Structure formats: C-alpha cells, structure tokens
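Student: Could you take me closely through one part of this model, the helices around a pocket and how they pack against one another? I would like one connected account, with the terms explained as they come up.

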Amino acid sequence: MKPAATLKPPHLTADFLRACLSDIKAGLFWQVLPKLEPYGLIPPPENDSMEQAGILYAICLAATGKPEVAADILAAVASRHSANQHPLHDLAELMTAQDRRAEALAVAQALLRRTPDDTRVHTVLGSLLVQTGQHEAAISILKQAVARTPDAMLPRSLLAMALTEQGAMQAALDCLRPLPDNATDRAATHANIGTILTGQGEIGEALSHFDAALALRPDDARVRFNRSVALLKAGEYAKGWQEHEWRHALPGHAAVPDNATLPALNDATRLDGQRVLLVHEEGLGDTLMYLRYVPSLAERGAIVHLLVPPALSQLCQRVQGVHTVHVMRDGAPPMPRFDWYCGFISLPRIFLHTQAPWGAPVPYLRADQEKTQAMAALLPSGKALKVGLVWGGAPRANTLAAHIVDRRRSLPLSALAPLSRLSGVKLISLQKGPYAEQMMDPPEGMRLYDPTDALHSMDDTAALIMGLDAVVSVDTSVAHLAAGLGKTVLLMDRYDNCWRWLHGREDTPWYPNLRIIRQTTPRQWTDVVSRVAQALSAMARSRR
C-alpha cells in the first residue's frame, strides 16, 4: 500500500480542481478556501493533484489576508521543482487579473525572505513592482536577478521594462544587449528592442529589429503586431494596416468569420443592399475615430449595422448612414444577420485605396440638440474661454499592457495647476473614473467646474462639449469625441506616443482641429502643461 501522503482522495479530481480555479478567477476566494483546506499541508505531498490543490489553497490564503502561510506552501512546492516556473507566477497572474497586486506583492516579499537566492522570486516580484509603479524598487530587485542569472532573458527583459517605465530608454536598450544565442530568446529580444526604439521614434532601426525577429519566428503574432505599430507610426499605411490584421491572432482577441470578412474596397465597389456589421474591438476612442467610415459605406449602398458598447449607442444612432445600433452586453437582442463583418479597426485598411482613405471629414459626429441646450445651463456664464479638461484615461487595471500605458499617458490634476492661473479662462472637468477623485484635493487656487454627475454616456459628454470653446485632454476617448465633433482639441501626448499621432508632428491627418503637444522628456509633463497654457492664453487674448 502506498503511504497515505501520496494517496489521491476520491473527490480530488481534475473536475474538482477546474471548478475551484474557475471560482478563484471569479473572485470567490472565501467560498473556495474551506474546500481546499484539507490539501493545505506544508509541505504538500509529492503528488501532482495534491500540489495543484495546495497552490490553489495558497492563492486563496493570499487573497484572504494570510500571505505568510501562502508563502510557506509555495516555497515548499517550488523547492521540489527548481527547474520549473515558480508557482508564485501563477498566483501573480491570477491576482493581477483581478487588480489585487497588493496581495500578490505581500506573498512575493514573504517568499523573498524565505528563499532570498531564488531568482524566480526576484523576477516575479520585480514584475509586480513595475506594475504598481515602484520603479526604483523593481530595478533594484531585477538587477539582483540579472547578476545571479546573467544568461536568463526574463529578468533582463523585465529590467528593461522597468527602466523604460522610468524613462531611461537608453539604459533599457543597453540592458537587452548583447543578444542571446538561443533563437527563441534572440527573437524576443529583437522584438523588445524594436518596441523601445518605436517609442523613441527610431522607426528605421526598430523595423530592422522586428525583421530580424520575424526571420527567426515568422508567425509570431505579437512581433507582427508590434511591427505594424512601427509602420503606422512612420505613416507607412499600406504595409502597416495589412500587418495590423495580426491583432486577431493575439490572445483574448475575438476571432472573425473568414467567409464573411469585408474585403478591401476600390472606388468602383458597390455594396447595394448588402448588410455590413461593424463591431467595436478595443477602446472607445478607436471606435469614435473610425465611425467616420460609416457614411462612405452607406454611400456605396450598404445597410450598416453597428455593434458597440452601451456608452456609445446613443451617439452612434446619429452618425450619417447608420441603419441600426446594437449594444454589446449580456442579454442583448441577437445580432442582426449580415453579409459582411468588419471590426472598426480594419476600416482604414478597407478604404485605403479609395478616394476617401480618411473617411468623412470632421465633423462626422453630432450631439443631440436638446441635450446640448440642457447641458449649457451647467457651464459657467460669461465671455471667458470655456475649456474642458481630461487628465486621466481608463486605468484598465486588470489588463497589464493597457494598465502600464495608462500610467504613461495620464498625469495628476496637480500638474495642471498653471492652467488655473490663466486670465480669461474657465476650466470645466470632463474627467470620469478613478482619476476624477483627485478633484477632492485640487491644486491651490484652482477653480474647476464639475458637471460630470450629468454625464452618463458619450452622448451626454458630446452635448456638454458643444458648449465649450476647447478641450485639453490626454490621449483618451474624449479627445477623439471632441475632435470628431469639430471642437478645438489640445492633446497632451506622452513621449512614446501612440502610432496614430505619428512622430515629430503637432498636426494629424485624422483631425485638422487637433494640435499635439508632446512630452520632450519621457514621463515629464511640466513642459507640456507650459505649452498648453501658452496656447490657451493666446486663444483667450484672441477672444478678447
């Protein structure tokens, strides 16, 4: 008979473990905890199922305020599998997906105290520190990992990420060189270097690194996608839009129906009576930007249906050429039948070789007139320049890449203090979400009108914007909304900017009424705010 510790209890089945994992992903830690408690032995028995149960139990302990016990279990499991990925990695991924990085950090720090020489712990801890904006601490811990395992690429890549987040671009590039000998690691390193160079605007050199990566891994969707970003940022639209279709192969991206995907159009193409379904893909700003192509489809005879988030549904109903608008949510009516399917982000590629490659001219969005009149009563009176402010995007804390980008593009309200001292200018908040909480402690002397309680959708925001003279915004959906409505927009842009704003330019072919005011130094907003203040002062003087 086997020792009792190695026996697999009858109910510890794969189905049981899958059910526990599903509940954990749903955040039901307290409910799962007692189910797994019988398997929380320290050390866990040397049995795959028992170890998996122990790891899940440790995750529940971490989420319910017991990081030290969780660390004991994970350290015991990790000690038996020194060549494998540390189970802390699984815990960190699950906790990050629920924006519970603080609990994961507590376990990682407890593990570091128990196993200070395990570089796997250093690596996961460094990643969590980067995600939480603790860049100095991340750099310190990751440098230790690199010193212990100089040939391991993951710690070096994470150290490069931490340095990039701090704005030390050249140090990040130096960290990734020399290139590793292993083909897989070499391809990933080329891609990482290419991404950093794209952020710096060194597009030619970036593309050479992406090409080198693809020579080793030609079907790597992530490398293909990042290469498309570099091409688009350089204005190489024909190549860039085609390569951008690789986004559909990325994890978590919705698949498209191959037999009904809308093909590229030319000037002679007609779509008379054909039903075209346009589907929201990523951020609200993307869909707002590409709604400009709806009139062009309708002019070709297409019956255009939209599938969009609730926040956009009312606004979309007034876009010229829209037949019906359907809302993306659980329990929504069935989607309409369609002949052609197209994600909004594919529309520039579809129209690239037509006489309308940029879609309908600005303004292509329209606010509700009755709402506009009602919203006007919420704005300050007088002849002063009325300026809407947005200083933060959507944190999207459950998505790592988007969360990090949001930290780069957003700035604190306190950084906008110089705008409060401008003569002849009144500031109106358009800020929603977590960043709006900063209005509870505004910069000294700042008077910020706040009508945002009346804003429940983009349609409401559009109506309010129509009563403004200008909008000052970071790179988020309100900038696209205001620009699409035809309002003057000053875009406060990050150093390593999004591809759509190109490189080295203050103007954009997408919105003739939008001016880009970009960081000259990574992560530094002082110069940006100073130039915004100068622009607003000039507008106010012109008004007088």
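Tutor: The crossing of H1 and H3 is left-handed, a crossing being left-handed if the near helix is turned anticlockwise from the far one by less than a right angle, and right-handed if clockwise. The helices named here are DSSP runs (H or I, at least four residues), numbered from the N terminus. This is a predicted model, in which local features need pLDDT of at least 70 and side-chain atom pairs count only at pLDDT 80 or more, while totals for chains, interfaces and linings use all residues. Residues are numbered from 1 along each chain as its sequence is written, and side-chain values use heavy atoms, with hydrogens and water left out.

The axes of H1 and H3 come within 11 Å and cross at roughly 20°, where axes are lines fitted to C-alpha atoms, for helices over the stretch in contact, and angles run from 0 to 180 degrees between N-to-C directions. That angle makes H1 roughly parallel to H3, since angles under 35 degrees count as roughly parallel, over 145 as roughly antiparallel, 65 to 115 as roughly perpendicular and the rest as oblique. On the H1 side the contact (heavy atoms within 4.5 Å) is made by Leu17, Cys20, Leu21 and Ile24, and on the H3 side by Ser49, Gln52, Ala53, Leu56, Ile59 and Cys60. By class these residues divide into eight nonpolar, two polar and no charged; Ala, Val, Leu, Ile, Met, Phe, Trp, Tyr, Cys and Pro count as nonpolar, Asp, Glu, Lys and Arg as charged, and the others, Gly among them, as polar.

H3 also packs against H5, at an angle of about 50° and with the axes 10 Å apart, and the two helices are therefore oblique to each other. The crossing of H3 and H5 is right-handed. Here H3 contributes Ile55, Ala58, Ile59, Ala62 and Ala63 to the contact, and H5 contributes Pro87, Leu91, Leu94 and Met95, a set with nine nonpolar, no polar and no charged residues.

These helices also meet at a pocket. The second largest pocket has a volume of about 210 Å³, and its lining consists of Leu17, Leu21, Lys25, Gln52, Ile55, Leu56, Ile59, Asp90 and Leu94. The elements giving two or more residues to this lining are H1 (14-25), H3 (48-63) and H5 (87-96), and H3 gives the most, with four residues. By class the lining has six nonpolar, one polar and two charged residues. On a 1 Å grid over the protein atoms alone, a cavity is a set of points where a 1.4 Å probe fits but cannot get out, whereas a pocket is an open set with protein on both sides within 12 Å along at least five of seven lines, and lining residues have an atom within 4 Å of a point. Grid points are joined across faces, edges and corners, and a volume is the space filled by probe spheres set on the points.

Following the chain onward from H5, Asp99 is placed in the loop between H5 and helix H6 (101-114). Asp99 has a positive phi of about 55° although it is not a glycine, and most residues other than glycine have a negative phi.
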